[in-house]
Amino acid sequence: MKDIKEKFKGTSKNAGSRQGFKFTSLLIILNKIDSGEKVTVNSIVEDLEIGERTVHRYLQTLQTAGFPISYEREKKCYTFDDGYSLKKPNLSVEETLALSLARNVVKNFDEGLEQSLSKLETRLSVKNSGLTSHIVLKQDKISPTVASYSQAISQAILNYQKIKFIYRAVSTDEESIRTIEPDYLLYYDGFWNVRGYCEMDKDRRSFALDRMSLLEILEDRFLPQKVFPEDELAFSFGNVIDEKSVNIVLWFNPECKTRLLRKKWHDTQMTKELKDGRVEMRLTVNGIREIKKWIYGWIPHVEVIEPKELKKEVTCELKEALKKNL
């Protein structure tokens, strides 16, 4: 462990302090534009005491984040597009509910985010409607380390900055030093993952944040690629994206029908009732590792029909489990 940490040591400055200063700077720029001040590169340089290149990078970050900022040649300054303002009117019941639900979701993720949403409600003049008193969302508490990593990586994605970390593989428990070009964060089943191009593997990979340590946000930047998460995730079952597509056929006993058809478990799912009352499910997923865990939740009411590789694995593992429990 000590050896890999020694190899990892770099010259990067503290990522947390840089990110905190940058976030504050972005807020200052937004508020100045929104208040109607004449915002120019030179004015930001003077106000924030930063370089011109940094100013242009901050403006690009805000534009990438969705703020409609453009340079108005006649006024010779940066402005919001017509009709846009940070000041919003009171929200509708539906919008208030959405905001309340968002606060309910993040309270187990990060205290800072929950406080930010509460401040947002106050600024939007949203009265405490008590809408969430009858809505319960059971979630596991996210560790402070994962919460801080997710926020730092999110900023790196917006700024097209590479990230470096030590990664302990889930399957082998071996550690390696990874440098990736992050594209997006994926939250599934209580775990955060980052997806991006890995320099070591020379391919796109997914990495679980709870398996990372010594995360660094590098000054090295990368040219963003056209990545469509919805396409990459179309055949994932759980958070498995990297494995090859596999066609799955399962047969479920009649007593499972109501529970099985209560929701759609996968985008590619197709079901039909067989003559004997059983339900056939067909779907295409990336690899068999994650769906195998899901199948075990239906035992003894499920039979694997295809592929043979999955049927063989399930049979062998169930025999081993039977030996241990006899």
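**Strands, hairpins and helices in a predicted chain**

Residues 24 or more positions apart account for 62% of the contacts with a separation of 6 or more in this chain. The model is predicted.

Student: How many helices and strands are in the chain, and what percentage of its residues count as buried?
Tutor: The chain holds eleven helices and eleven strands. Of its 326 residues, the share that counts as buried is 38%.

Student: What part of the accessible surface belongs to carbon and sulfur atoms?
Tutor: The accessible surface of the chain totals about 20,400 Å². The part that belongs to carbon and sulfur atoms is 52%.

Student: Is S25 buried or exposed?
Tutor: S25 is a residue of helix 2, which covers residues 15–34. Leaving aside neighbours within four places in sequence, S25 is in contact with L48 and Y58. The cut-off for buried is under 20% relative accessible area. S25 has 1% relative accessibility, so S25 counts as buried.

Student: How does the reach of helix 7 compare with the expected value, and which residue follows the helix with a positive phi?
Tutor: Helix 7 spans residues 144–159, which makes 16 residues. From first C-alpha to last, helix 7 reaches 23 Å, close to the 22 Å expected at 1.5 Å a residue. Its buried residues include V146, Y149, I153 and I157. The residue that follows helix 7, with a positive phi near 55°, is Y160.

Student: Why is strand 3 described as largely enclosed by the rest of the structure?
Tutor: Strand 3 covers residues 161–168. It runs antiparallel to strand 7, residues 212–221, with five bridges between them, and I166 stands opposite S213. Strand 3 is largely enclosed because, of its eight residues, the number buried is seven.

Student: Which residue in the turn between strand 3 and strand 4 has a positive phi?
Tutor: Strand 3 and strand 4, residues 175–188, run antiparallel and are joined by six bridges. One of the partnerships is K164 with T179. The two strands form a hairpin with six residues between them, and the turn residue with a positive phi, about 65°, is D173.

Student: Which residue takes a positive phi in the hairpin of strand 4 and strand 5?
Tutor: Strand 4 and strand 5 pair antiparallel over eight bridges. Y184 of this pairing has R195 as its bridge partner in strand 5. Two residues lie between the strands of the hairpin, and the one with a positive phi near 55° is D189.

Student: How many residues of strand 5 are buried?
Tutor: Strand 5 covers residues 191–198 and is largely enclosed by the rest of the structure. That description rests on its burial: of eight residues, the number buried is six.

Student: Which residue in strand 6 stands opposite Y197?
Tutor: Y197 is found in strand 5 and, at 30% relative accessibility, counts as partly exposed. Leaving aside neighbours within four places in sequence, its contacts include T179, I180, E181 and K202. Strand 5 pairs antiparallel with strand 6, residues 203–208, over six bridges. The residue of strand 6 opposite Y197 is R204.

Student: How far apart in space are Y197 and P182?
Tutor: In sequence, Y197 and P182 are 15 residues apart. In space, their C-alpha to C-alpha distance is 6.7 Å.

Student: Which turn residue between strand 5 and strand 6 has a positive phi?
Tutor: Strand 5 and strand 6 form a hairpin with four residues between them. The turn residue with a positive phi of about 55° is K202.

Student: Which strands stand at the edges of the open sheet of four strands?
Tutor: The order in this sheet is 9-10-8-11, with antiparallel pairing. Each edge strand has a single partner strand, so one side of each is left without a neighbour in the sheet; the edges are strand 9 (270–273) and strand 11 (302–306).

Student: Which strands does helix 10 touch as it packs on that sheet?
Tutor: Within the sheet, neighbouring strands are turned by 25° against each other on average, direction ignored. Helix 10, residues 289–296, has a direction that makes about 10° with that of strand 8. The strands touched by helix 10 are strand 8 (245–252), strand 10 and strand 11.

Student: Which residue in strand 10 stands opposite M270?
Tutor: Strand 9 and strand 10, residues 279–286, run antiparallel and are joined by four bridges. Opposite M270 in strand 10 stands R282.

Student: At what angle does helix 11 run to strand 11?
Tutor: Helix 11 covers residues 308–325 and lies across strand 8 and strand 11. Its angle to strand 11 is about 145°.

Note on methods
Residues are numbered from 1 along each chain as its sequence is written. This is a predicted model: local features need pLDDT of at least 70, side-chain atom pairs count only at pLDDT 80 or more; totals for chains, interfaces and linings use all residues. Side-chain values use heavy atoms; hydrogens and water are left out. Buried means under 20% relative accessible area, exposed over 50%, partly exposed in between (1.4 Å probe, protein chains only). Two strands pair if DSSP finds at least two bridges between them. Contact means heavy atoms within 4.5 Å. Accessible areas come from the Shrake-Rupley method with a 1.4 Å probe; for residues, only the protein chains shown count as cover. The expected span of a helix is 1.5 Å times one less than its number of residues. Axes are lines fitted to C-alpha atoms, for helices over the stretch in contact, and angles run from 0 to 180 degrees between N-to-C directions.
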